[in-house]
Amino acid sequence: MLLNGLRQRALGLLTRREHTRKELAGKLSSLAESPEQLDALLDELTSRHLLSDARYAETRVKSRGIRLGDARLAYELRSRGVADELVSASLAAGEDELTRAQRVWQKRFGNSPHGADDTAERARQMRFLAARGFSAETIRRLLRATVEDD
C-alpha cells in the first residue's frame, strides 16, 4: 500500500481510539510495503503526537481502573507493548488501589460484609477481588476494615 493510503488507515484507526505503537504496527504490518515504511510512519505519527504509548496507558488506566486492580492493569498494558516505566507512572498517577477495591467490593457485595465473618464467604470475596487483579495486601486491608466496621 502506498504511504499515503497507509497513513490514512492509521489515522482512521487512531480516530476511533488510542493505540499503542505495538498494536498499530500489528494492524498495519500486512498493509505496509516494508517494515521500514511502517516504522517511518509510526515515527511520524509519534513525532506529531498522534500516537502515544503514555496517553494510551493513561486512558486505559482511567477506563479500566474503575473495575480492575493494579496487577491486572499492568498485565494488560505490558501485553500491548507499553514500557514498564510508563506502566508504573500511569498506575501511580491513577486512583489508589484500595479505594478502587472498596468501590468494586461495595458494588458487588453491598455496604455490609454479608457474612464476612464466615470463612467460605470471606474466601469467595477474596477470590472475586483477586480475579480482578487486586493485590493480596489490598484485599486483606479491605476485608479487615469491613469486619472492623461491624
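Two residues are in contact when heavy atoms of theirs lie within 4.5 Å. Keep that cut-off in mind for what follows. The structure here is a predicted model.

Start with Leu24. Setting aside neighbours within four places in sequence, Leu24 is in contact with Ala10, Leu13, Leu14, His19, Leu42, Leu45 and Leu51. Leu24 also belongs to the largest nonpolar core, which has 13 residues. Within this core, Leu24, Leu28 and Leu45 touch the most other members. Three helices each supply at least two residues of the core: H1 (3-16), H2 (21-28) and H3 (35-47). There is also a second, separate core. This one has 11 residues, including Leu98, Phe109, Phe128 and Leu142. A general tendency fits here. In soluble globular proteins, nonpolar side chains tend to be buried together.

Now step back to the whole chain. The protein chain has nine helices and zero strands. Read from the N terminus, its elements run α-α-α-α-α-α-α-α-α. The radius of gyration is 20 Å, well over the 15 Å that the globule rule gives for 150 residues, so the protein chain is more spread out than a compact globule. The C-alpha trace spans about 65 × 25 × 20 Å along its principal axes.

How much of the protein chain counts as buried? Of its 150 residues, 37% do. The accessible surface comes to about 8,600 Å². Carbon and sulfur atoms hold 52% of that surface. Contacts can also be sorted by separation in sequence. Among the contacts in the protein chain with a separation of 6 or more, 59% join residues 24 or more positions apart.

Finally, turn to a charged residue, Arg100. Find Arg100 in helix H7, which covers residues 97-109. Is Arg100 buried or exposed? Its relative accessible area is 4%. Buried means under 20%, so Arg100 counts as buried.

What does the side chain of Arg100 reach at 2.9 Å? The partner is the backbone oxygen of Gly65. Another backbone oxygen, that of Glu95, lies 2.6 Å from a polar atom of the Arg100 side chain. Gly65 and Glu95 also appear among the residues that Arg100 touches, once residues up to four places away in sequence are left out. Leu68, Gly69, Asp70, Leu73 and Phe134 complete that list. Look at these residues around Arg100 in the model, then go back to Leu24 and trace its contacts, among them Leu42 and Leu51.

Methods: Residues numbered from 1 in each chain as written. Predicted model: local features only at pLDDT ≥ 70, side-chain atom pairs only at ≥ 80, totals over all residues. Heavy atoms only, no water. Core = buried A, V, L, I, M, F, W, Y, C linked by side-chain atoms within 4.5 Å. Buried < 20%, exposed > 50% of the residue type's maximum accessible area, 1.4 Å probe, protein only. Helix = DSSP H or I, 4+ residues; strand = E, 2+ residues; numbered from the N terminus. Polar contact = N/O pair within 3.5 Å; in protein donor to acceptor, adjacent residues only side chain to side chain. Rg over C-alpha atoms; globule rule 2.2 N^0.38 Å. Areas by Shrake-Rupley, 256 points an atom, 1.4 Å probe, with all protein chains shown as cover.
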